[in-house]
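The paragraphs below lead through one protein chain, beginning with a pair of packed helices and moving outward to the cores and the chain as a whole. Please keep the structure in view while reading.

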Amino acid sequence: MKSSTFCSRSRNLILILAPTFATLATPKFHIALVGNPNSGKTSLFNALTGLNQKVGNFPGVTVDKKTGIYSVDSDKDTELIDLPGTYSLYPRRADEWVAYKVLMGADEIVQPDMVILVADASNLKRNLLFCSQIIDLKIPVIMVLTMNDIAAQKGIKIDIPGLEVELGIPIVAVNPRKNKGLTELKRAIAKLTRSTPEASARSNDFINVAALAPEAIQEVRAFYPDLSEYAAIHHLINYEELGDGTEHAFISEIITRTGFNATKTQAEEIMQRYNHIRQVMQKKVVEPGPLQKKLFSNKLDNILLHRTWGHLILLAVLFLLFQSVFALASYPMELIEWCFAQVSSWLTASLPEVWWSDLLINGIVAGLSGIMVFIPQIMILFGIITMLEDSGYMARIGFLSDRLMRKVGLNGKSVMPMISSFACAVPAIMSARNIENKKERLLTIMVTPLMSCSARLPVYTILISLVVDDHYYFGFVSLQGLVMMGLYFLGTFMALIVSYVLKWFIHIKEKSFFILELPIYRAPRWKNVGITMVEKARIFVTDAGKVIMIISLLLWFLSSFGPGNRISDVETKYAAMIKVAPQQTDSLNRQLSTEKLQNSYAGMLGQAIEPVIRPLGYDWKIGIALITSFAAREVFVGTMATLYSVEEDDDQSLREKLQSATHADGSKVYTLPAAFSLMVFYVLAMQCMSTLAIVKRETKSWKWPVFQLMYMTALAYGMSLLVYTLLS
Ligand SMILES: Nc1nc2c(ncn2[C@@H]2O[C@H](COP(=O)(O)OP(=O)(O)OP(=O)(O)O)[C@@H](O)[C@H]2O)c(=O)[nH]1
Ligand SMILES: [Mg+2]
């Protein structure tokens with residue numbers, strides 16, 4: 001009857017129960033950080049490991065397990081595991097399951113030897129529920145109290161030594177934001193790792209667990225004596241997720257025989273815990289009366305969450321966000337562009353005219369400048385989003401928009417993934433794990449990529465600058481910024497529409513609710529904002545840069561060479577023509593480059609798909625860009641840079657080159673209708689391999705990413721066609 005997986009898991013539990021002697025010999029010691037959402041786990045993780053995992057001032061920032069090395073003793077490496085926040089040991093959301101499985105020893109990769117329980121001192125009562133459950137699991141645990149500064153502001157006083165006695169575990173007060181109390185914590189960790197298993201695992205229960213379901217617990221433990229009584233209850237309740245087929249049969253048989261009732265046991269357990277917690281709080285914590293001074297946050301919320309003012313302020317905040325991305329970034333962008341133009345003309349003048357100088361100037365430098373110009377915009381966008389998250393305002397946006405979201409089948413919690421998708425859809429889609437309801441989570445994942453991510457910024461910027469005047473209303477509202485905002489708005493609007501339509505076709509029945517704890521307002525940590533900005537710029541340049549460089553190089557090759565003798569035939573033809581009319585050398589040379597490009601591999605490819613994209617107002621060069629930017633959207637600009645530098649040999653900026661681009665009949669390529677049609681295409685099309693990959697991972701099936709690719713491409717094509725037809 002005994003199953004092998006259950007055995008191996010029991011062994012993991014033994015490891016948890018007896019961490020010291022067994023694990024001291026092994027090089028790695030694992031400490032898991034757990035606690036309620038937004039209690040400061042990741043801040044502490046970063047302070048102890050020196051890493052920079054994402055911290056934010058709203059519940060549900062961390063949605064997956066993250067590990068980092070922290071050395072307690074010089075001779076022993078300790079691995080710290082940061083986990084998603086959980087309110088109790090009864091998981092409901094996908095991210096809570098991640099933490100739960102680690103704590104139950106059911107995670108394949110991570111098995112903790114010790115737990116650091118992070119508890120928010122300003123919300124101690126609620127945090128103690130989870131804390132008491134961990135205590136009853138009998139895992140060696142240290143409790144870390146964070147937010148003591150806020151507790152003090154609220155007038156809360158905690159008798160820490162007294163609480164240690166009541167709970168029977170070591171407690172350390174820290175402030176990970178200010179690196180306070182870390183020495184004491186390190187000392188406590190070192191002490192606990194050295195103590196005997198008997199001393200480190202607490203022997204008495206917080207509540208009388210055995211009495212909750214005596215018979216069933218006894219039967220499970222008769223077979224698996226290493227499980228604590230409380231762990232046995234969890235195996236009885238969640239055996240379907242925690243064990244395999246044999247264990248299912250074994251436990252369900254016990255349940256039938258003993259009449260174990262999961263709901264009743266759980267309700268009874270929670271009630272007993274709260275009773276005990278109330279007593280502990282009365283004895284060891286002084287809380288101010290309800291009439292005590294209100295926190296600054298509550299006063300601010302009276303305005304920011306106001307029925308009318310709240311929504312107006314929200315619109316103003318979003319308006320400022322887009323205006324600053326456009327207006328603030330324009331100066332550094334011009335500077336970067338100018339620098340690259342200088343470098344490229346200097347290289348052209350000083351290098352011999354051979355194939356490798358052509359590759360260097362028109363392949364590498366052109367591709368690189370295509371990436372670098374957008375660093376300022378990316379940094380500003382990420383900076384502002386980080387400030388929104390850090391200050392606590394992001395959670396308010398969720399609150400303010402819950403009603404609207406609900407109408408289209410989403411949830412107030414969908415707003416955070418959607419807004420962070422302005423930066424990048426990949427982490428945004430992962431953060432949807434925070435949404436309890438399966439249908440709402442799926443809908444959020446389906447529509448999140450419609451929000452304009454930072455990779456679209458380069459495309460929008462360049463196209464807007466081609467067809468929209470650089471005009472300012474009232475001296476500060478930029479027209480180009482307004483158009484940019486319109487594109488972001490279009491993406492958001494379509495996301496809501498698509499969700500509204502899809503909700504009728506996705507059938508998952510589950511209760512929906514919106515519980516979002518509003519964090520208090522905090523000043524953004526400027527270091528965090530700064531690090532995020534630099535880090536995102538670095539990732540953009542390296543990750544996107546790699547793809548762009550490879551594709552630019554490939555394109556340079558494809559657009560410089562052609563099948564058979566096509567290119568050399570063109571060259572011979574023009575050489576003869578120049579001989580006949582040497583006074584036209586310049587214009588003939590330009591025609592030569594165009595015809596060479598048309599006869600290259602890339603040119604042929606673009607011309608092959610031209611019939612499909614002609615109705616949208618695009619030419620074959622845009623066609624090539626559409627193909628290459630399927631991998632990642634920002635490749636568009638790089639592709640254009642490469643295609644136009646291969647063709648023309650002067651030091652015009654890409655914008656100027658595009659501005660003067662013409663069709664064969666001499667008419668301009670980038671007319672207003674064509675540029676808008678192209679922008680709409682980029683707003684709505686799914687052109688990102690990484691997003692498809694993450695959707696596959698989060699939905700655990702190919703069905704959804706494939707569907708997403710199809711509906712978004714069809715939507716993009718249809719809407720672009722409509723825009724082009726209406727405008728021309
Ligand atoms: N005032 C104050 N703020 C803190 C303290 N510790 C953390 N914070 C802030 O609390 C917020 C939440 O911190 P995180 O580290 O992201 O919290 P978390 O527990 O990892 O949150 P989830 O991943 O969502 O579960 C951030 O804005 C931190 O800067 C503290 O001791 N005092
Ligand atoms: Mg976290």
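In this predicted model, a convenient place to begin is the crossing of α11 and α12, which is left-handed. The residues that form the contact of these two helices divide into 4 nonpolar, 2 polar and 2 charged. On the side of α11 they are His-235, Leu-236, Tyr-239 and Glu-240, and these meet Glu-247, His-248, Ile-251 and Ile-255 in α12.

Two packed helices are described by the angle between their axes and the distance between the axes. Here helix α11, which covers residues 229–242, and helix α12, which covers residues 245–258, pack at an angle of about 140°, and their axes are 9 Å apart. Angles over 145 degrees would count as roughly antiparallel, and α11 and α12 are therefore oblique to each other.

The last residue number of α11 also leads to another part of the chain, since the C-alpha atom of Leu-242 is separated by 9.0 Å from that of Asp-107, although the two residues are 135 residues apart along the chain. Asp-107 is found in the loop between α4 (94–103) and β4 (114–120). Is this residue, Asp-107, buried or exposed? With 20 other C-beta atoms within 10 Å, Asp-107 is buried, because a residue counts as buried when 20 or more such atoms lie within that distance. When residues up to four places away in sequence are not counted, Asp-107 touches Lys-101 and Val-102.

From here the view can widen to the nonpolar cores. The largest nonpolar core has 111 residues, and those that touch the most other members are Leu-381, Leu-463, Met-640, Leu-678, Met-679 and Leu-684. Helix α32, covering residues 672–684, gives the most to this core, with 10 residues. One of the core residues named above, Leu-678, is in contact with Leu-463, Tyr-618 and Ile-622, leaving aside its neighbours within four places in sequence. Apart from this core lies another, of 74 residues, and among them are Ile-134, Leu-163, Ile-189 and Leu-236; Leu-236 was already met in α11, at the contact with α12.

Finally, the chain as a whole can be considered. There are 34 helices and 10 strands in the chain, and its C-alpha trace spans about 105 × 60 × 55 Å along the principal axes. Of its 728 residues, 45% count as buried. Among the contacts in the chain with a separation of 6 or more, 74% are accounted for by residues 24 or more positions apart.

Methods
Residues are numbered from 1 along each chain as its sequence is written. Chains are lettered from A and ligands numbered from 1 in the order in which they are written. This is a predicted model: local features need pLDDT of at least 70, side-chain atom pairs count only at pLDDT 80 or more; totals for chains, interfaces and linings use all residues. Axes are lines fitted to C-alpha atoms, for helices over the stretch in contact, and angles run from 0 to 180 degrees between N-to-C directions. Helices (H or I, at least four residues) and strands (E, at least two) are DSSP runs, numbered from the N terminus. Angles under 35 degrees count as roughly parallel, over 145 as roughly antiparallel, 65 to 115 as roughly perpendicular and the rest as oblique. A crossing is left-handed if the near helix is turned anticlockwise from the far one by less than a right angle, and right-handed if clockwise. Two residues are in contact if their C-beta atoms, placed from the backbone, lie within 7 Å. Ala, Val, Leu, Ile, Met, Phe, Trp, Tyr, Cys and Pro count as nonpolar, Asp, Glu, Lys and Arg as charged, and the others, Gly among them, as polar. A nonpolar core is a set of buried Ala, Val, Leu, Ile, Met, Phe, Trp, Tyr and Cys residues joined through C-beta atoms within 7 Å. A residue is buried if 20 or more other C-beta atoms lie within 10 Å of its own, exposed if 12 or fewer, and partly exposed in between; C-beta atoms are placed from the backbone.
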